Amino acid sequence: MALIEIENVSKIFGKDPKSVLPLVRQGRSKDEILKQTGHVVGLNEVTLSVEQGEVFVVMGLSGSGKSTLIRHINRLIEPTSGAIHVHGRDILKASPGELQRIRQTQMSMVFQRFGLMPHRTVAQNVAYGLEARGESEATRRAAADRWIARVGLTGYEQAYPSMLSGGMQQRVGLARALATDPEILLMDEAFSALDPLIRHDMQKVLLELQRELRKSIVFITHDLDEALAIGDRIAILQDGRLVQVGRSAEIILEPKTDYVRRFVAGVNRGRALKASDIMQPVRAIEAPSVSGDSILEKVLPIVMGTVAGVRVTDARQEPVGFITRERLVHAIVSGTLE
């Protein structure tokens, strides 16, 4: 069973949302429903699951429903219909007290605009979740010091948010989210407000922490490069509908709709795809070897330097696949494997 299961969730904004559900289930478009009823469809019968320990990225253009979706997981927004299960339990049936406990112990959220309290120091911001949970001052201080160090802000414990850059403030937000040791981390456009270089640094920080912590992360973004860089799996929304879910290679090489195809059209496949994404079954011939984790951009000169192709190996240097020149060129140039 998946850690998070979202089942047929719809969210309609307006005066009488339940009256609009039949139109949603008839397959009417978002624009049609708005024109006919004056209601806005935020989510349209969305079903997906998030596995334990994965980074699950939800992406789409503005208005696609991605931020609406993530806010359903911790019930900042109530759905019009559907069910949301965490560890098999429907959180929509949780009492206010149970929901508060889930938010304080099981889930944390990182917001796009940082959400820091300006009158509190860095240490006080980081410790806030533990304070709300009733932990002792000594426990709060130890946890704050630990996570401030982990995100690279040692020495800034007594600084206030206004004294920090945007990237530093988001590090504080990440430390605050991790300080309560949540199983689930919800990140809503967490890096979107940052400059490109700082954004890249924060992606690296997140991935380094994730390699050790193995949290279950739901990450919202409108940036395909960011999604490909950090996501184990990617879900793409369009006008509130889920149009495709898959790993990076599946999204790039097997787009299911024209909308997804347009999304991936400009991606640098040489950097986004790895050798393991395009390899064929092992061939028992002598050939150069490349790691399955190697990006195609680095594999290209090796493949083009040999007629036979290259073997792909795993972390133990055991052969797990094979790549020909033709297959590599197809993947990079046309985004297909044939």
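Here's a quick briefing on the overall build of this chain and its two largest pockets. Keep in mind that this is a predicted model. The chain's secondary structure adds up to 16 helices and 13 strands. As for the pockets, the largest has a volume of about 1100 Å³, and the second largest comes in at about 510 Å³.

**Overall build**
- The chain's radius of gyration is 22 Å, which agrees with the value near 20 Å that a compact globule of 338 residues would have.
- Along the principal axes, the C-alpha atoms fit a box of roughly 65 × 55 × 35 Å.
- Half the story is inside: 50% of the 338 residues count as buried.
- Among contacts with a separation of 6 or more, 65% link residues 24 or more positions apart.
- About 16100 Å² of the chain is exposed, with carbon and sulfur atoms supplying 50% of that area.

**The largest pocket**
- Its lining takes in 31 residues, and Leu207, Leu228, Ala229, Ile230 and Lys274 sit nearest the centre.
- α9 (196-213), α10 (224-230), α11 (248-253), α13 (269-272) and α14 (275-278) each put in at least two lining residues.
- α9 gives the most, with nine residues.
- By class, the lining splits into 14 charged, ten nonpolar and seven polar residues.

**The second largest pocket**
- Here 17 residues form the lining, with Arg103, Met107, Ser108, Met109 and Gly129 nearest the centre.
- At least two lining residues each come from α4 (96-105), β6 (107-110), α6 (128-132) and α8 (166-179).
- This lining has eight nonpolar, seven polar and two charged residues.

Definitions and conventions:
Residues are numbered from 1 along each chain as its sequence is written. This is a predicted model: local features need pLDDT of at least 70, side-chain atom pairs count only at pLDDT 80 or more; totals for chains, interfaces and linings use all residues. Side-chain values use heavy atoms; hydrogens and water are left out. On a 1 Å grid over the protein atoms alone, a cavity is a set of points where a 1.4 Å probe fits but cannot get out, and a pocket is an open set with protein on both sides within 12 Å along at least five of seven lines; lining residues have an atom within 4 Å of a point. Grid points are joined across faces, edges and corners, and a volume is the space filled by probe spheres set on the points. Helices (H or I, at least four residues) and strands (E, at least two) are DSSP runs, numbered from the N terminus. Ala, Val, Leu, Ile, Met, Phe, Trp, Tyr, Cys and Pro count as nonpolar, Asp, Glu, Lys and Arg as charged, and the others, Gly among them, as polar. The radius of gyration is taken over C-alpha atoms; the globule rule is 2.2 Å times the number of residues to the power 0.38. Buried means under 20% relative accessible area, exposed over 50%, partly exposed in between (1.4 Å probe, protein chains only). Contact means heavy atoms within 4.5 Å. Accessible areas come from the Shrake-Rupley method with a 1.4 Å probe; for residues, only the protein chains shown count as cover.
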